[in-house]
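Please walk through this protein with the model open beside the text. The route goes from the overall fold to individual side chains.

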Amino acid sequence: MAGDEFSSGDRKGWNTGSGSKMCRSELYLWILLAIAPVKNRPQGIIGERLGDFYDKRQEQFKKNTEGGNTFGKLIISQTAAYGCKLLFKELKKALKLKEG
């Protein structure tokens, strides 16, 4: 879920899909096992927001594929990316509180 920066002279960019394969696998499995099943979802704001995001994506793709869900991996990957975004925001808040 992370990118690596590559630079050459005036050119700067990011390689996506790089980083730790083990980290990406663990995050994928956590979404699959802890967020996808409603009964396993963690209590708290992050767990609820991830669950809501996952459910909305599931419903969105179900409508677009006439009842069949062939986008399971995509939904899990999108939910994992959203989870990283939420957790990164929380980390930034925590670091600001320490500074202040």
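What follows covers confidence and fold, then a buried arginine, then the remaining pairs and a buried threonine.

This is a predicted model. Confidence therefore comes before geometry: pLDDT is the predictor's confidence in each residue, from 0 to 100. The protein averages a pLDDT of 83. A score of at least 70 is reached by 79% of the residues. Where is confidence lowest, and where is it highest? The lowest mean, 62, belongs to strand S1, residues 2-8. The highest, 91, belongs to H1.

Now the fold. The secondary structure consists of 3 helices and 2 strands. Along the sequence they follow the pattern β-β-α-α-α. Helix H1 spans 21-35 and helix H2 spans 45-64. Helix H3 covers residues 72-99.

Some totals describe the chain as a whole. It has 100 residues, and 19% of them are buried. The accessible surface comes to about 7600 Å². Carbon and sulfur atoms hold 56% of that surface. Consider next the contacts with a separation of 6 or more. Residues 24 or more positions apart account for 34% of these.

Turn to Arg 41. Which part of the chain holds Arg 41? Arg 41 sits in the loop between helix H1 and helix H2. Is Arg 41 buried or exposed? The relative accessible area of Arg 41 is 15%. Buried means under 20%, so Arg 41 counts as buried.

What does the side chain of Arg 41 reach? One partner is the backbone oxygen of Ile 35, at 2.5 Å. Another is the side chain of Asp 55, which meets Arg 41 in a salt bridge at 2.7 Å, N to O. Asp 55 lies in helix H2 and Arg 41 in the loop between H1 and H2, so this pair ties together parts that are 14 residues apart in sequence. The two ends differ in burial class: Arg 41 is buried at 15%, whereas Asp 55 is partly exposed at 32% relative accessibility.

The wider surroundings of Arg 41 come next. Leave aside the neighbours within four places in sequence. Arg 41 is then in contact with Ala 34, Ile 35, Ala 36, Gly 51, Tyr 54 and Asp 55.

Gly 51 deserves a closer look. Gly 51 is part of helix H2. At 1% relative accessibility, Gly 51 counts as buried. Gly 51 and Arg 41 are 10 residues apart in sequence. In space, their C-alpha atoms are 7.0 Å apart. Beyond four places in sequence, Gly 51 touches Ile 35 and Arg 41. Ile 35 also appears among the contacts of Arg 41.

How many salt bridges does the structure hold? The count is 2. Besides the Asp 55 and Arg 41 pair, the side chains of Lys 93 and Glu 90 meet at 3.4 Å, N to O. Lys 93 and Glu 90 are 3 residues apart in helix H3, which means that about one helical turn separates them. Lys 93 is partly exposed, with a relative accessible area of 49%. Glu 90 is also partly exposed, at 37%.

Aromatic side chains add further pairs. There are 2 aromatic pairs. One of them joins Phe 53 and Tyr 82. Why is this pair classed as stacked? The ring centres are 4.4 Å apart and the planes meet at 10°, so the pair is stacked; planes under 30 degrees apart count that way. Phe 53 belongs to helix H2 and Tyr 82 to helix H3. The pair links distant parts of the chain, 29 residues apart. Phe 53 counts as buried, at 17% relative accessibility. Tyr 82 counts as partly exposed, at 21%.

The last stop is Thr 79. Thr 79 is found in helix H3. Its relative accessible area is 0%, so Thr 79 is buried. Which residues does Thr 79 touch, not counting those up to four places away in sequence? They are Ile 31, Ile 35, Leu 50, Phe 53 and Tyr 54. Several of these names have come up before. Phe 53 is the stacking partner of Tyr 82. Ile 35 and Tyr 54 are among the contacts of Arg 41. Ile 35 also touches Gly 51.

Notes
Residues numbered from 1 in each chain as written. Predicted model: local features only at pLDDT ≥ 70, side-chain atom pairs only at ≥ 80, totals over all residues. Heavy atoms only, no water. Helix = DSSP H or I, 4+ residues; strand = E, 2+ residues; numbered from the N terminus. Buried < 20%, exposed > 50% of the residue type's maximum accessible area, 1.4 Å probe, protein only. Polar contact = N/O pair within 3.5 Å; in protein donor to acceptor, adjacent residues only side chain to side chain. Contact = heavy atoms within 4.5 Å. Salt bridge = Lys/Arg side-chain N within 4 Å of Asp/Glu carboxyl O. Areas by Shrake-Rupley, 256 points an atom, 1.4 Å probe, with all protein chains shown as cover. Phe/Tyr/Trp six-rings, centres within 6.5 Å; stacked < 30°, edge-to-face > 60°.
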